[in-house]
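Got the structure open in your viewer? Switch to cartoon view, keep the selection box handy, and follow along.

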Amino acid sequence: MRILILTHGAPPLPGTVVVGNVLRAWSLGLALEAAGHRVQVVTRAQDAATVSAASAELPVVTFAEPEELRAVVSAGAADALVVCQWDMLGQLPDDLRTPVAADLYAPRMLEAQFQGIDLDAEFVARLETLARADFFLCTTERQKWFYLPWLMMAGVACRRPPIAVVPLFPLVEPQPRAKPPADPVVVSGGVFWPWQDPAPYLEAAAAAMDRAGKGSLALYGGRYPLGTDGMKYADPPAALAQHPRVSFRGMVPYDDLIAQYRGATAALNVMAPH
C-alpha cells in the first residue's frame, strides 16, 4: 500500500528541534515502512523551512496552504491516509474516497480546558473532524475508553469500535546502558503545558537532592515551537529556576536530547492528576 502520513513539524533530522507530532508520525511511518508499505510524510512548508527534508529517513512533501494540502492528497494516489494532526482532518477534500485513519495520540478535548478557549465551539469542531475519519489510533487503553463516547457522539458506529491502541515509542535503537555518573543526574523534559504542571514534583526532587547532599536536575523544554501567541503554559516557578541543583537547558535538538538522557541516572516524567 501507498500511505500518506499528515502532520505538522520538521522531520527529526540531526540538529533539529522536533515536536511530538512529528515523532509520532515518524514512528508510525517507519513501522509501516518496515511492514512493506510505501510511506510519504506530508507536513507544512513553514515547519520544514530550515531543514533539508530530502535527507530525511522517509520521503517528505510540504504544503503552504490548505488548498495545496488538498491538491497533494488528491493527486497522491494513496491507498490510505494517516492524519496525526487534528486540524488537518478538516482540511481534507470533501469528496475524498481514500480511507482515513486519525491518530488521536493527544486528548485535545481535555487540553482545551486549560487553554481558555470557547469549549462549546471547540467540542463541536472536534466532533465534526472525528466524523471525517474511518479508523482511529490512540496510545493507551485508557485513551481508548475516553475516546469511545466521543466517537459515538460523532456518529461513528462502535459495536465493533474502529480504534486501535498503538503505544508511543522512541526513534532510537536500544543501547547498553552507560555507567551512571558518580553524582546522580535526573533529567526531565517537554513543553511546559498547563495540564501537566510538574512543578510540585520537580520541587520535591530538588528538595530530596538537598537532603541527600548530592544530585542535580536538568530540565529540557520550554514553549511549543509551533505554538501561537494565545497558547497558555505552566512555566516552572522562579524559585525552582534559582535552585543551585536545577539547570534549565531549553529546547534542544532531538539527537542531543537523547544523548543527554542516555547519560543520566534517572528520568522524572510526572504531571498533575486529572
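How many bridges join strand β8 (residues 185-191) to β9? Seven, and the two strands run parallel. Bear in mind as you look that this is a predicted model.

**Stop one: β9 and its neighbours**

Select residues 216-222, which is strand β9. Six of the seven residues here are buried, so the strand is largely enclosed by the rest of the structure. Now show V187 as sticks and look for its bridge partner in β9, which is A218. To get from β8 to β9, trace the chain through helix α7 (residues 199-212); this β-α-β crossover is right-handed.

Next, add strand β10 (residues 246-250), which is joined to β9 by four bridges and also runs parallel to it. For a cross-strand pair to click on, try L219, which stands opposite F248 in β10.

Zoom out a little and you have an open sheet of four strands, ordered β10-β9-β8-β11, with parallel pairing. Its edge strands are β10 and β11 (266-267), each pairing on one side only. Two helices are worth colouring here. Helix α9 (residues 254-262) packs on this sheet, where it touches β8, β9 and β10, and its direction makes about 150° with that of β8. Helix α7, which you have just traced, lies across β8, β9 and β10 and runs at about 160° to β9.

**Stop two: the seven-stranded sheet**

Move on to another open sheet, this one of seven strands in the order β3-β2-β1-β4-β5-β6-β7, again with parallel pairing. Which strands stand at the edges? They are β3 (60-63) and β7 (163-165); each has a single partner strand, so one side of each is left without a neighbour in the sheet. Turn the view and look for the twist: neighbouring strands are turned by 25° against each other on average, direction ignored.

For a look at one pairing, select strand β5 (residues 100-103) and strand β6 (residues 135-138), which run parallel and are joined by three bridges. Show A102 as sticks, and you'll find it opposite F136 in β6.

**Stop three: helix α1**

Select residues 20-34 to pick out helix α1. This helix lies across β1 (2-6), β2 (38-44), β3, β4 (80-83), β5 and β6, and runs at about 170° to β1. Its buried residues are N21, V22, R24, A25, W26, S27, L28 and G29.

Here's a quick check with the distance tool. At 1.5 Å a residue, the 15 residues of α1 should span 21 Å, and the end C-alpha atoms are 21 Å apart, which agrees. Following α1 is G36, whose phi is positive, near 100°.

**Last stop: two crossing helices**

Finally, select helix α5 (residues 119-130) and helix α6 (residues 141-153). They pack at an angle of about 80°, and their axes are 9 Å apart. That makes α5 roughly perpendicular to α6. Which residues meet where the two helices pack? Put sticks on F123, L127 and L130 in α5, which meet W150, L151 and M153 in α6.

Key:
Residues are numbered from 1 along each chain as its sequence is written. This is a predicted model: local features need pLDDT of at least 70, side-chain atom pairs count only at pLDDT 80 or more; totals for chains, interfaces and linings use all residues. Side-chain values use heavy atoms; hydrogens and water are left out. Buried means under 20% relative accessible area, exposed over 50%, partly exposed in between (1.4 Å probe, protein chains only). Two strands pair if DSSP finds at least two bridges between them. A crossover is right-handed if, with the strands pointing away from the viewer, the path from the first strand over the helix to the second runs clockwise. The expected span of a helix is 1.5 Å times one less than its number of residues. Contact means heavy atoms within 4.5 Å. Axes are lines fitted to C-alpha atoms, for helices over the stretch in contact, and angles run from 0 to 180 degrees between N-to-C directions. Angles under 35 degrees count as roughly parallel, over 145 as roughly antiparallel, 65 to 115 as roughly perpendicular and the rest as oblique.
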